[in-house]
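Subject: Handing over the model

Hi,

Here is the structure I promised to pass on. Could you have a look at it before we next talk?

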Amino acid sequence: MGENRREFLKKMAIAGAGMAAMSSPLFHSVSAAGNGKAIRLGIIGTGGRGRYLQEHLYRIKDEGSKEFEIVALCDNYKPSLDISLELAAKYKNAPKGFSDYKKLMKDGGVDAVIVATPLFQHAHITIDCLNAGIHVLCEKSMARTLDDTKAMYDAHINSGSILLIGHQRLFSDKYNDAIERIRQGELGIIGQMHAHWHRGNDWRRAVPAAKPHLERQINWRLYKEYSAGLLTELMSHQLQVANWAKQDIPVSVMGTGSIRYWKDGREVPDNIAAIFEYADGTQFTYDSQTINKRYGCEEEIIGDKGTFELETNRYYNVIPPKPKPAPGIAQLIGDIQKGIFEEAPIGGPSWAPETQKRQKAEPIYVGQKGDGTKEELINFVRFVKQGKYPEWLVKEGYYASIWTLLTEQAIDSGAKISMPEKFRI
Ligand SMILES: NC(=O)c1ccc[n+]([C@@H]2O[C@H](COP(=O)([O-])OP(=O)(O)OC[C@H]3O[C@@H](n4cnc5c(N)ncnc54)[C@H](O)[C@@H]3O)[C@@H](O)[C@H]2O)c1
């Protein structure tokens, strides 16, 4: 994306409002300018993700940003807090450490926090912070229940504090470029979208042998009380992308899921599949499983003029038909003569092989670096600094979270589920 295109996207973002006008976020690079007081940041939940974000923030500072300082870290599990304090020391940062987020709110001196606790610990921490005038970047998915998700959004509206949800693809150049191209009609009519996230492992974290009672705390993703498993932890990202590409939210979802393979005491499905329908009849089909990673993670946006495969940055235009295609039946006879088939498969004169054609992809975006996490952090700091931000960003996070939990309902009930009106924002 050249500089002009970036400028264009910036203008679009400023003009944009609501789900119907979603576009790129505002900022793409680190500013070296001090520009007033540095934002004082805290991180609540310094486990795997919290520390990953902490390290990203130090790297952004190393690139010259003077816009923020990490002043407080909080985790109620001492080993996690200790490792993040060690990480801070490595980067010559000396934040205060807390085991209780309420103490951090009172004594941490923070303007804003990143909440990277397990899903069931998002809502009350986020709501308390927003109500206290502390801006929040909360990891996805928003909350464990629909009501808590709505309560988080309402707290943002009522307090005026910024709430951003950690769907980092919203800040990736590649995704922003693709969405803009979809919006300008490059893929034509989007008829179907498909995404999947396939993993080939049990998704477990090691529990210290001497402390088996920590199982549910450490492996919270596997237990229904704390998480909806693959839905909230993985699908939430890709459903956000589908809604963004479609510039809409679904009207219904059907789903299925089971514990097919990892019968190890977990409560969440190890494989799921869901079909979402949008108002114009477009479908988004989704599947995730944990026994074979061959097909990895992908979002396919399929239009009558072309296809995007977003995770792998691939664009395919639709190949125009050749002037005089060989009739399918002639090809079939040829295949039999060449010994490809021994006998004729059932098919009429229009039969033609429909196995995938080999076609060279073009990159959607040249020069993509990272997955948007760095830009998400840069933007959050800027939003806090300017005290406002594009509201459509929180709506993206909100609806991805709501529809993720509705998918859980569809799987549990076997019914086709729509969104109750009280969750519309
Ligand atoms: N955006 C992404 O791509 C991405 C990737 C991974 C994880 N995440 C999200 O980040 C969040 C955390 O995931 P994780 O993998 O780091 O989990 P984790 O278990 O590694 O870390 C969570 C940490 O929160 C701490 N914690 C729990 N309750 C707390 C409380 N009340 N106060 C303070 N600390 C508390 C735990 O002790 C733990 O150290 C989840 O919401 C997850 O979905 C997002």
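Below is what I found in it, going from the overall picture to the details.

First, some housekeeping. This is a predicted model, so local features are given only at pLDDT of at least 70 and side-chain atom pairs count only at pLDDT 80 or more, while totals for chains, interfaces and linings use all residues. Residues are numbered from 1 along each chain as its sequence is written.

**Overall**

The protein has twelve helices and 14 strands; these are DSSP runs numbered from the N terminus, with H or I over at least four residues for a helix and E over at least two for a strand. Of its 425 residues, 42% count as buried. Buried here means that 20 or more other C-beta atoms lie within 10 Å of a residue's own; exposed means 12 or fewer, partly exposed is in between, and the C-beta atoms are placed from the backbone. Take the contacts with a separation of 6 or more: residues 24 or more positions apart account for 73% of them. A contact is a pair of residues with C-beta atoms, placed from the backbone, within 7 Å.

**The parallel sheet**

Six strands make an open sheet with parallel pairing, in the order β3-β2-β1-β4-β5-β6. Strands β3 (96-98) and β6 are the edges, each with a single partner strand, so one side of each has no neighbour in the sheet. Ignoring direction, neighbouring strands of this sheet are turned by 20 degrees against each other on average. Pairing requires that DSSP finds at least two bridges between two strands.

In the middle of that order, β1 and β4 run parallel and are joined by four bridges, and Leu41 has Ala112 in β4 as its bridge partner. β4 also pairs with β5 over four bridges, again in the parallel sense; there, Val113 is partnered with Val136 of β5.

Side chains in a regular strand alternate between the two faces of the sheet. In β5 both faces are covered, with His135 and Leu137 buried on one side and Val136 and Cys138 buried on the other.

**Helices around it**

Which strands does α11 lie across? They are β1, β2, β4, β5 and β6, and the helix runs at about 130 degrees to β1. Angles run from 0 to 180 degrees between N-to-C directions, with axes fitted to C-alpha atoms, for helices over the stretch in contact.

Helix α11 (residues 373-386) has 14 residues and spans 20 Å from first to last C-alpha, close to the 20 Å expected at 1.5 Å a residue (the expected span being 1.5 Å times one less than the number of residues). Ten of the 14 residues are buried, among them Leu377, Ile378, Phe380 and Val381, but also Lys374, Glu375 and Glu376. Besides the strands, the buried residues of α11 pack against α2 (48-62). Just after the helix, Gly387 has a positive phi of about 75 degrees.

Helix α6 (residues 146-159) also has 14 residues and reaches 20 Å. Its buried residues are Asp148, Thr149, Lys150, Met152, Tyr153 and His156, and their cover includes α5 (123-131), β6 and α12 (392-413). Gly160, just after α6, takes a positive phi of about 80 degrees.

**The mixed sheet**

Eight strands form another open sheet, ordered β8-β9-β10-β7-β11-β12-β13-β14, with mixed pairing. The edges are β8 (252-258) and β14 (362-363), and each has a single partner strand, so one side of each is left without a neighbour in the sheet. Helix α9 (residues 230-246) packs on this sheet, touching β7, β9, β10 and β11, and its direction makes about 160 degrees with that of β7. Strands β11 (297-303) and β12 (306-309) run antiparallel and are joined by three bridges; one partnership is Ile301 with Phe308.

**The ligand**

There are 23 residues around the ligand, the closest being Gly45, Gly47, Arg49, Tyr77 and Ser80. A residue is near the ligand if its C-beta atom, placed from the backbone, lies within 6 Å. The biggest contribution to the shell comes from α2, with three residues. By class, the shell has seven nonpolar, eleven polar and five charged residues. Nonpolar covers Ala, Val, Leu, Ile, Met, Phe, Trp, Tyr, Cys and Pro, charged covers Asp, Glu, Lys and Arg, and the others, Gly among them, are polar.

Cheers

Terms used. Contact = placed C-beta atoms within 7 Å.
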